[in-house]
Amino acid sequence: MSDELKLKIIQELAKNGLKIKNFVMEMNGDINNYEHASKEEKTKVTDEQIARAIISITGEKKPLNEKQLFLGVICVLLSKYGWSGKWATCCTKINSLPMNEMFEKKCDYNSIKVLTAYKFASVDYKDWENYEPSDFERAIFKKCKSVADAFEEAINMQDKD
């Protein structure tokens with residue numbers, strides 16, 4: 001079998017995402033190793049639901065009022081919805097969601113990359129409820145957690161509509 005034919009087969013299989021053991025080829029071509037991921041299935045959510053949730057929590061007097069706080073949204077997407085573990089990739093994907101022109105703030109990797117070095121950024125969002133931040137990171141953790149919780153609640157509210 002030629003390399004070209006193999007590539008066509010892989011592309012066809014990957015249109016809806018392809019999972020082989022611990023590796024997942026995402027629709028955008030990213031290949032991720034979920035060796036340490038939990039065995040539970042990730043919750044399914046549409047791009048439109050994600051976009052509507054972001055729109056509902058973004059604004060001057062809403063939780064997502066600073067670009068760097070997109071870290072909270074991304075942590076939920078990584079933990080609960082199976083998104084890629086690459087911060088820049090997540091920002092790009094968020095900014096290409098349907099209705100992104102309605103986002104009052106855009107996800108900017110340069111704004112969140114400093115926060116990715118904080119310990120809480122490497123802790124699964126599901127464990128944030130019991131996470132005890134250091135004094136150094138407490139203020140930003142509280143903001144990111146507030147955004148993450150509001151985002152998750154906004155998605156859950158859509159399920160009830």
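Is Glu132 buried or exposed? In this predicted model, Glu132 is exposed, with a relative accessible area of 60%. The charged pair to which Glu132 belongs is described below, after the overall fold.

The secondary structure of the protein consists of six helices and three strands. Followed along the sequence, these elements give the pattern α-β-β-β-α-α-α-α-α. The protein has 161 residues, of which 38% are buried. Of the contacts between residues at least 6 apart in sequence, 58% join residues at least 24 apart. The exposed surface of the protein comes to about 10100 Å², and carbon and sulfur atoms supply 52% of that area.

Side chains of opposite charge can pair when their charged atoms come close. In the present model the count of salt bridges is seven. One of them links Lys80 with Glu152, with 2.3 Å between the closest N and O atoms. Lys80 belongs to helix H3 (residues 70-81) and Glu152 to helix H6 (residues 138-160), so this salt bridge ties together parts that lie 72 residues apart in sequence. The two partners fall into separate accessibility classes: Lys80, at 22% relative accessibility, counts as partly exposed, whereas Glu152, at 14%, counts as buried. The cut-off for buried is under 20% relative accessible area.

A further salt bridge is formed by Glu132 and Arg138, whose closest N and O atoms are 3.2 Å apart. While Glu132 is exposed, Arg138 is partly exposed, with a relative accessible area of 27%.

Helix H6 also holds a salt bridge between two of its own residues, Lys145 and Asp149. Their side chains meet at 2.6 Å, N to O, and the two positions are four residues apart, about one turn of the helix. Lys145 is buried, with a relative accessible area of 13%, and Asp149 is partly exposed, with a value of 29%. Through salt bridges that share partners, Lys145 and Asp149 are joined with Glu129 into one network.

One backbone feature concerns Met99. This residue lies in the loop between helix H4 (87-95) and helix H5 (109-112). Most residues other than glycine have a negative phi. Met99, although not a glycine, has a positive phi of about 65°.

Methods
Residues are numbered from 1 along each chain as its sequence is written. This is a predicted model: local features need pLDDT of at least 70, side-chain atom pairs count only at pLDDT 80 or more; totals for chains, interfaces and linings use all residues. Side-chain values use heavy atoms; hydrogens and water are left out. A salt bridge is a side-chain nitrogen of Lys or Arg within 4 Å of a carboxyl oxygen of Asp or Glu. Buried means under 20% relative accessible area, exposed over 50%, partly exposed in between (1.4 Å probe, protein chains only). Contact means heavy atoms within 4.5 Å. Accessible areas come from the Shrake-Rupley method with a 1.4 Å probe; for residues, only the protein chains shown count as cover.
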